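Here's a quick look at one residue and a couple of pockets. Have the structure open as you read.

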Amino acid sequence: MTAFDWHTAERDFAGGYDLDRPAMSRLWNFWGDGKDFNPADRALGETVAARFPQIKSLAQHRIAFRARVTRALAERGIDQLLVVGTDMPLRDEVHTIAQAVNPDARIVYSDADELTLLHADVFYRAEFGGCGFVQAGPDEPREVLYGAAATLNLDRPVGLLLINSLDVLTDPKAVAALAAFRAGLATGSCIAVCHLTAEHDHHLVELAGLCAAVNTGPPCIRNPKALATLYAGLEMIEPGLVPVPAWRPEPGPWPIPDGVDLWCGVGVLP
C-alpha cells in the first residue's frame, strides 16, 4: 500500500480509534520489515527488538509458515480459507498464494482492529475479487463465522488460519474460541495454528508485560504441551506440532534453524 493510501485511510477513518496505541498487526509488520505502522508501533517495536532480538526473525518465520501452509491446504483441495487475525499488507499474501494454486479459491479476512481491516479491504479487494472481510477477532468466533458465511460455504471444508491469533487470548478464551470454530466448520476442515513459545529464550514470557497496552491484547506465551491440548481430537497433518522452520520446509541446502520460539501445527476436523 502506498503512503498516500495509508494517510488517506487514516484521514477518512472516523470514530474514536486511537492511532497512538500500538496494534499487534502493525507491530508484526514493523518486525517483518513492512512499512505500514505508526510512530507508536515503531517505538514499541524497537523496544521489544532490543530486548528480544529474535523477534524480527520470528516475524519472517511466521510469514514463511503462512505461505507454506496456505499452499499446502490449497494443494490438499481446500479452496476456502478463513484468516482470523489479519496482517497488514506485506508479502506472500494468503489470497495470492491460494489463487496461484486454484484461481477459484475464496478467502475471508477477519480482524477486530478496524484500521487493520480497512487496509486489508483497500489493498486486497483491489487485486483479488474473491475476498470477504469481517470485523471480528478470534475471541468472537460466532461473529467471524456468521460474517464469513457471506463469502464461504461453511457446509464444505474450510482452512482456518490462526497465525499468532491465539497468542492474544487467555487459556479459557482460546479453548472456547477453538471449540466454537470446530462446531461451526464442516468435517474435513483444517485448523492451522502458529504460536509464540519460550522454549529457548525463557525470558520471552516478559513480552506480555512490554506489550500490555497493545490493541487486541498482549501476546501470551504457551509451551508446546499447552499447544498440544488445543489440538485434542483433531487428526494432525504431518509433521505434527513442531517449530515453524521444521513444518514442511522448502527444499534447499541450508539446515533447518534451531532455537526458534515459534511453533505450529495443522489439524483436520474429523
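Let's start with Cys-264, which sits in strand E8, the stretch covering residues 262-268. Keep in mind that this is a predicted model.

Is Cys-264 buried or exposed? With a relative accessible area of 1%, Cys-264 counts as buried, because the cut-off for that label is under 20%. As for its company, once you set aside neighbours within four places in sequence, Cys-264 is in contact with Phe-65, Val-193, Cys-194, Tyr-231, Gly-240, Leu-241, Val-242, Val-244 and Trp-247. Pro-218 is another reference point: it lies 46 residues from Cys-264 in sequence, and the two C-alpha atoms are 19 Å apart.

Now for the pockets. The largest pocket holds about 360 Å³ of space. Its lining has 25 residues, and the closest to the pocket centre are Asp-111, Pro-138, Ser-165, Val-168 and Thr-216. Helix H2 (residues 24-31) gives the most to this lining, with 3 residues.

The second largest pocket holds about 300 Å³. Here 15 residues form the lining, and Arg-68, Pro-245, Pro-249, Glu-250 and Pro-257 lie nearest the centre.

Here is how the two linings divide up:

| Pocket | Nonpolar | Polar | Charged |
|---|---|---|---|
| Largest pocket | 9 residues | 9 residues | 7 residues |
| Second largest pocket | 10 residues | 2 residues | 3 residues |

So what do you get by rolling a probe the size of a water molecule over the atoms? It shows where empty space is left.

Terms used. Residues numbered from 1 in each chain as written. Predicted model: local features only at pLDDT ≥ 70, side-chain atom pairs only at ≥ 80, totals over all residues. Heavy atoms only, no water. Helix = DSSP H or I, 4+ residues; strand = E, 2+ residues; numbered from the N terminus. Buried < 20%, exposed > 50% of the residue type's maximum accessible area, 1.4 Å probe, protein only. Contact = heavy atoms within 4.5 Å. 1 Å grid on protein atoms, 1.4 Å probe; cavity = no way out; pocket = protein on both sides within 12 Å on 5 of 7 lines; lining within 4 Å. Points joined across faces, edges and corners; volume = space filled by probe spheres on them. Nonpolar A, V, L, I, M, F, W, Y, C, P; charged D, E, K, R; others polar.
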